[in-house]
Amino acid sequence: MWDQRYAVDEYIYGIEPNSFLAEHAEMLSGPVLSLAEGEGRNGVFLASLGLKVHGVDGSNVGLAKACALARSRGVEIQTEVADLGVFEPAANYYGSVVSIFAHLPSAIREKLYPLVEWCLKPGGIILLEAYSEDQLTRDTGGPKDANMLMTRAKIEREFPNCEPILLRELEREVCEGTYHTGVASVVQFIGTKKA
Ligand SMILES: C[S@@+](CC[C@H](N)C(=O)[O-])C[C@H]1O[C@@H](n2cnc3c(N)ncnc32)[C@H](O)[C@@H]1O
């Protein structure tokens, strides 16, 4: 599905970074693991700040566009085509993990999120934005499946070893490409791995 969606010249989520990420990027340190990197807008932005970026996504087509975007901006990102349901990151390696609109079923999150905590260095940062369950009633983006949408309670339960620095549900105007446009209900989370 994602390969098909990405198989157009246009960058369907745009080439500018997610705005929540851009606002808080100064809190991040490298290496950065970017989950569901897609067409590269977020990883390329972080690389342009001088951070080492490892972008993982299931779509070969998306990551090829990510590499092309990186080349056009004169930066490098490391990409890996992988299913996040079986992805195994290195322990205590990353300064930050970024997850932007990486909507995954709970069965995958149950395996992946403990590994996210495990792959962060102590004091490392997880930064996540996702559509919330309130988004189900809107047509401005995100999956139509509550299981793949987030809430504050899910974040607190699924990241028990990360201390929240910021955790909120809000409505905001999202203008990030063809599929993410309009007022949306989102969850935003920045947490730090407990020592
Ligand atoms: C809505 S897009 C977001 C892309 C990017 N984070 C952004 O904000 O532009 C969701 C991404 O999740 C990826 N994805 C979904 N399920 C996945 C899985 N099980 N393993 C790896 N990637 C997955 C898709 O390939 C797609 O690139």
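This passage looks at how the ligand is held in a predicted model and then turns to the aromatic pairs.

Start with where the ligand is: it sits in the largest pocket. Two elements each give two or more residues to the shell around it, namely α1, which runs over residues 2-6, and α3, which covers 41-48. The shell holds 19 residues, and those that come nearest to the ligand are Tyr 6, Ala 36, Arg 41, Asp 57 and Ile 100. Sorted by kind, the residues of the shell come out as 10 nonpolar, five polar and four charged.

Three of the nearest residues also make polar contacts with the ligand. Two of these contacts go through side chains to oxygen: a polar side-chain atom of Arg 41 is 2.7 Å from an oxygen atom of the ligand, and for a polar side-chain atom of Asp 57 the distance to a ligand oxygen atom is 2.6 Å. Ile 100 does it with its backbone instead, where an N or O atom lies 2.8 Å from a nitrogen atom of the ligand. As for how much of the ligand is hidden, on its own it has 590 Å² of accessible area, and the protein covers 91% of that.

Away from the ligand question, the aromatic rings are worth a look. Across the whole structure, a search turns up seven aromatic pairs. One of them joins Trp 2 and Tyr 13 in a tilted arrangement, with 6.5 Å from centre to centre and 45° between the planes. This pair links distant parts of the chain, 11 residues apart: Trp 2 belongs to helix α1, while Tyr 13 is in the loop between α1 and α2, the latter spanning 19-24.

Key. Residues numbered from 1 in each chain as written. Predicted model: local features only at pLDDT ≥ 70, side-chain atom pairs only at ≥ 80, totals over all residues. Heavy atoms only, no water. Near = heavy atom within 4 Å. Polar contact = N/O pair within 3.5 Å; in protein donor to acceptor, adjacent residues only side chain to side chain. Areas by Shrake-Rupley, 256 points an atom, 1.4 Å probe, with all protein chains shown as cover. 1 Å grid on protein atoms, 1.4 Å probe; cavity = no way out; pocket = protein on both sides within 12 Å on 5 of 7 lines; lining within 4 Å. Sits in = over half its atoms within 2 Å of the grid points. Helix = DSSP H or I, 4+ residues; strand = E, 2+ residues; numbered from the N terminus. Nonpolar A, V, L, I, M, F, W, Y, C, P; charged D, E, K, R; others polar. Phe/Tyr/Trp six-rings, centres within 6.5 Å; stacked < 30°, edge-to-face > 60°.
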